[in-house]
Amino acid sequence: MNRGHPLSRQVLAFMISLTLTVIAVSVIGSYLFYTFIIYYLPGGAIAGNEDQMTYLDWLWILVASLISLSVSLFFTVKLSARILTPLSSVATSLRRIAQGDLGARAFCASTHLGELNNLVNDFNDMAEKLQTMDAQRRSWNAAIAHELRTPVTILRGRLQGLVDGVFEPNPTLFNSLLKQTEGLTSLIEDLRVVSSSGGAEFTLTLVDVDLQEIIQSAVDSFALEFKRSHFSVVTELHPQQCQCDPLRIIQCLTVLFDNAIKYATSKSMVVSHGAGEHENFIVVEDRGPGIPEAFHKFMFHPFQRGASARDTNPGGCGLGLSVLKAIMLAHQGDVTYTLTDKGHSIFKLSWPLRKKQ
């Protein structure tokens, strides 16, 4: 494959050609100028010694040409270094990334050529994002394998026991197998939601509903779990028409209620809602303890769990909040978390107001 001449040779050849062209124009122009003076102007030949003047002129042109060529070569080399050093660094890093080294970064010394600085910075940002995405992909693969291994192992063991006659077929065993299958289905659905958030595969069914009824339905569906955990729930509800996917909003509230039961030691929670100038919102507040600030930037990432959460609930997989985030992004909204001075956790679900068609 013909890659052409190196850029450094092209720049050097161009600058030398430009210099020689300027010199040629100067020499020819000077020759024509003095020829016109000497031969065509009255008294031009007497004004000075023709041979001496011509000799000195040619000598001066030769010296000037050599000086011009030297200066041109000097600045050409300097300019080429400024241009080609960062470009060569980017090209080398690109080859390393293509070979699998995602840690490669380009280098650009301080230069006044802002476009080159921007090129190198943009390239490094791209490489950083590629490396981060690759690390996340590896983490995802490991986490998914880990989460799927346990239920699949249990299912395989129980089914193998049925085949070998170790277990007697009975409703209790079948219920256990069914629960494991339902757990797998739920995990797969969560993974689908998280992986396709913002994509074409994740669609919402938006309808006009009363937000009060949706929240009350979610609270009622969790009434038994609240009672078993001696959890107190205060609702501040009022009629509010909005447009959303009610099943997905209930799913989000279910995640928050489930997390509150598992991790909140205060055993109390307040659920409220409202509408601002541009958005609908639902606020779920428990009395703590809150999530440490150092973990806030990771809390909505898949498979990310704080140390206290792992100790409190070792069986969790860290997908709940990431599913919640994906659902709200699909609503073109968001979910935020704030920690009050008293250590209360406040989750706010928000999505835009939509005009009725």
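Two strands count as paired if DSSP finds at least two bridges between them. Strands (E, at least two residues) and helices (H or I, at least four) are DSSP runs, numbered from the N terminus. The model is a predicted one, in which local features need pLDDT of at least 70 and side-chain atom pairs count only at pLDDT 80 or more, while totals for chains, interfaces and linings use all residues. Residues are numbered from 1 along each chain as its sequence is written, and side-chain values use heavy atoms, with hydrogens and water left out.

**Exercise 1.** Describe the pairing of strand β4 (residues 268–275) with β5 and β2, and state how far β4 is enclosed.

Solution.
- Step 1: a hairpin of 3 connecting residues joins β4 to β5.
- Step 2: β4 and β5 (residues 279–286) run antiparallel and are joined by 7 bridges. Val270 stands opposite Glu285 in β5.
- Step 3: strand β2 (residues 232–236) runs parallel to β4, with 5 bridges. Here Thr235 is opposite Val271 in β4.
- Step 4: 7 of the 8 residues of β4 are buried, so the strand is largely enclosed by the rest of the structure. Buried means under 20% relative accessible area, exposed over 50%, and partly exposed in between (1.4 Å probe, protein chains only).

**Exercise 2.** Analyse the hairpin of β6 and β7 and the ring pair of Tyr337 and Phe347.

Solution.
- Step 1: β6 (residues 334–339) and β7 (residues 345–352) pair in the antiparallel sense over 6 bridges. Asp334 stands opposite Ser350 in β7.
- Step 2: 5 residues lie between the two strands of the hairpin, and Gly343 in the turn has a positive phi of about 85°.
- Step 3: the structure holds 5 aromatic pairs. The ring centres of Tyr337 and Phe347 are 4.8 Å apart and the planes are at 55°, so this pair is tilted. Rings of Phe, Tyr and Trp (its six-membered ring) pair if their centres lie within 6.5 Å; planes under 30 degrees apart are stacked, over 60 edge-to-face, and the rest tilted.
- Step 4: Tyr337 is in β6 and Phe347 in β7, 10 residues apart. Tyr337 is buried at 10% relative accessible area, and Phe347 is buried at 9%.

**Exercise 3.** Which residues of helix α5 (residues 211–221) are buried, and where do they lie around the axis?

Solution.
- Step 1: the buried residues are Leu211, Ile214, Ile215, Ala218 and Val219.
- Step 2: they cover an arc of only 130° around the axis, which puts them on the same side of α5. The arc is that of the directions from the helix axis to the C-beta atoms.
- Step 3: at the start of α5, a side-chain oxygen of Asp210 comes within 3.1 Å of the backbone nitrogen of Gln212.

**Exercise 4.** Compare the settings of His230 and Gln332, starting from their phi values.

Solution.
- Step 1: most residues other than glycine have a negative phi.
- Step 2: His230 has a positive phi near 55°. His230 lies in the loop between α6 (223–228) and β2, and is exposed at 69% relative accessible area.
- Step 3: Gln332 also is not a glycine and has a positive phi of about 65°. The loop between α9 (320–330) and β6 holds Gln332, which is exposed at 62% relative accessible area.

Key. A polar contact is a pair of N or O atoms within 3.5 Å; within protein, one must be able to donate a hydrogen and the other to accept it, and residues adjacent in sequence count only if both atoms are side-chain atoms.
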